[in-house]
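Biologist: I'm new to this one, so could you walk me through it and tell me how you arrive at each label?

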Amino acid sequence: MSSEVPQDPFQELAGHITSSLGEAVTGHATVQGQFILNIKRDDLLTVLTFLRDDPKTRCEQLIDICGVDLPERAERFDVVYQLLSLAHNHRIRVKVTAGEETLDAIATAPVGSQDRPAQPVSITSVTVTEA
């Protein structure tokens, strides 16, 4: 019987992302099998574009955008992007913090509604606008 601690399945991917994006990444963790990437708000579009286009990540689908309100913090909101790579069968959760200001971000039309333009999404006081 082995007493080895299981290795983080995202360790190699985390190393690749952090070395490629440098200071844009403020932290990362794997929680309950979910890889979480914390990034600087100003680098959001750069990071999302990298995660979509890089051959080792290939996150082709934005599954969800949600918000978390933590009123005890100065930047009280986390805006969370759930990304999916069909090619690699993994998900990446990207988190940015925001105060009560506008956060420029990517918005997409729902799947199957290609003829309908994307609509801005409001998360409490954080307004997510189409980039």
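Modeller: Happy to, and keep in mind that this is a predicted model. Let's start with isoleucine 92, which touches Leu13, Ile17, Gln34, Phe35, Leu37, Leu51, Thr57, Cys59, Tyr81, Gln82 and Leu83, leaving aside residues up to four places away in sequence.

Biologist: What makes those residues count as touching isoleucine 92?

Modeller: Contact means heavy atoms within 4.5 Å. Leu13, Gln34 and Cys59 are among the residues that pass that test with isoleucine 92.

Biologist: Which side chains of strand 5 are buried, and how do you know that?

Modeller: The side chains alternate along strand 5: His90, Ile92, Val94, Val96 and Ala98 point to one face and are buried. Buried means under 20% relative accessible area, so these five fall below that cut-off. Arg91, Arg93, Lys95 and Thr97 point to the other face and are not buried.

Biologist: Why is there talk of a nonpolar core here?

Modeller: The label asks for buried residues of kinds such as Leu, Ile, Val and Tyr, joined through side-chain atoms within 4.5 Å. The largest such set has 24 residues, and Ile17, Leu37, Leu51, Tyr81, Ile92 and Val94 touch the most other members. Helix 1, strand 2, helix 2, strand 4 and strand 5 each give two or more residues to this core. Helix 2 gives the most, with five residues.

Biologist: How do you know that strand 2 and strand 5 pair?

Modeller: Pairing takes at least two bridges. Strand 2 and strand 5 run parallel and have four bridges, so they qualify. In one of these, leucine 37 has valine 94 as its bridge partner in strand 5. Strand 4 also pairs with strand 5, through nine bridges, but those two run antiparallel.

Biologist: What stands opposite lysine 95 in strand 5?

Modeller: Asparagine 38 does, and so does valine 80.

Biologist: What makes strand 1 and strand 3 edge strands?

Modeller: Each of them pairs on one side only. The open sheet has five strands in the order 1-2-5-4-3, with mixed pairing. From one strand to the next, the twist averages 20 degrees. Helix 1 packs on this sheet, touching strand 1, strand 2 and strand 5, and its direction makes about 170 degrees with that of strand 1.

Biologist: And what is in the hairpin of strand 4 and strand 5?

Modeller: Four residues lie between the strands, and asparagine 89 takes a positive phi near 55 degrees in that hairpin.

Terms used. Residues numbered from 1 in each chain as written. Predicted model: local features only at pLDDT ≥ 70, side-chain atom pairs only at ≥ 80, totals over all residues. Heavy atoms only, no water. Buried < 20%, exposed > 50% of the residue type's maximum accessible area, 1.4 Å probe, protein only. Axes fitted to C-alpha atoms, helices over the stretch in contact; angles between N-to-C directions.
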